[in-house]
Amino acid sequence: MGGDRHPFSGGDVNSLEKQARKSIWHRLWRWFKPDWLFVLLLTASIAGLVIGGLKAEVSQFVPPPLFPKLALLMGAMVTLLAIATLGAKLDRKHLDDYMFQMVANGAVIGVITTIFVNILWEIGSDILPPITNDDLIAVMIGSWSLGYFFYRWRGLNS
């Protein structure tokens, strides 16, 4: 098949590889490395739990009227859902399937773990110290990071 020419497209293999490497998204992702991102997130999660545990007093919250609160929550949820969907679309488009599956599976584990921790704390609210929103966010970030590393070490089929 003569030289560096691609057998099907007739194009130069080296120029095709150079075009693939020129993508800003790929260059940033290679530089940033998902492993380092999740190490940073796990560290931030642990620090958040420690700092949150040092707060001695839980302030009383006076809830706003129900209808404006629901409207605000629904608007924020739909807006942020659209942004997250576009971000996931970019990830799927520019990352390989294996990496995307590890990140997505880790996120599912993070959400499920956070829900279970919240349920556990509600059930044991008489004997457990109060859990704050910051605690739940730290649990979600930490469990997402650990879920990612579980799939990173064991593979997607484990």
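A residue is called buried here when its relative accessible area is under 20%, exposed when it is over 50%, and partly exposed in between. The structure on screen is a predicted model.

**Stop 1: helix α6**

Select residues 133-154, which are α6. This helix has 22 residues and reaches 31 Å from its first C-alpha to its last, close to the 32 Å expected at 1.5 Å a residue. Now colour its buried residues: Asp135, Leu136, Ala138, Val139, Gly142, Ser143, Ser145, Gly147, Tyr148, Phe149 and Tyr151. Move on to glycine 155, just after α6, where phi is positive, at about 95°.

**Stop 2: the largest nonpolar core**

Which residues make up the largest nonpolar core? Select Phe38, Leu41, Met99, Met102, Val103, Tyr148, Phe149 and Tyr151; these eight residues form it. Show α3 (34-54) and α5 (97-123) together with α6, since each of the three helices supplies at least two residues of this core.

**Stop 3: aromatic pairs**

Across the whole structure, a search finds three aromatic pairs. Two of them are visited here, and a pair of aromatic rings is described by the distance of the centres and the angle of the planes.

Start with phenylalanine 149 and tryptophan 153. Their rings are stacked, 5.3 Å centre to centre with 25° between the planes. The angle counts as stacked because the cut-off is under 30 degrees. How far apart are phenylalanine 149 and tryptophan 153 in helix α6? They are four residues apart, so about one helical turn separates them. In general, an α-helix has 3.6 residues a turn, so residues three or four places apart point the same way.

Is phenylalanine 149 buried or exposed? Phenylalanine 149 is buried because its relative accessibility is 8%, whereas tryptophan 153, at 69%, is exposed.

Next select phenylalanine 150 and tyrosine 151. Their ring centres are 5.4 Å apart and their planes lie at 80°, so this pair is edge-to-face. Phenylalanine 150 is partly exposed, with 37% relative accessibility, while tyrosine 151 is buried at 13%.

To finish this stop, add Tyr148 to Phe149 and Trp153: the three form one aromatic cluster.

**Stop 4: from α3 to α6**

Select valine 39, which is found in helix α3. At 35% relative accessibility, valine 39 counts as partly exposed. Then draw a distance from its C-alpha to that of glycine 142. The two atoms are separated by 9.3 Å, although the residues are 103 apart along the chain. Glycine 142 is one of the buried residues of α6.

Key. Residues are numbered from 1 along each chain as its sequence is written. This is a predicted model: local features need pLDDT of at least 70, side-chain atom pairs count only at pLDDT 80 or more; totals for chains, interfaces and linings use all residues. Side-chain values use heavy atoms; hydrogens and water are left out. A nonpolar core is a set of buried Ala, Val, Leu, Ile, Met, Phe, Trp, Tyr and Cys residues joined through side-chain atoms within 4.5 Å. Buried means under 20% relative accessible area, exposed over 50%, partly exposed in between (1.4 Å probe, protein chains only). Rings of Phe, Tyr and Trp (its six-membered ring) pair if their centres lie within 6.5 Å; planes under 30 degrees apart count as stacked, over 60 as edge-to-face and the rest as tilted. The expected span of a helix is 1.5 Å times one less than its number of residues.
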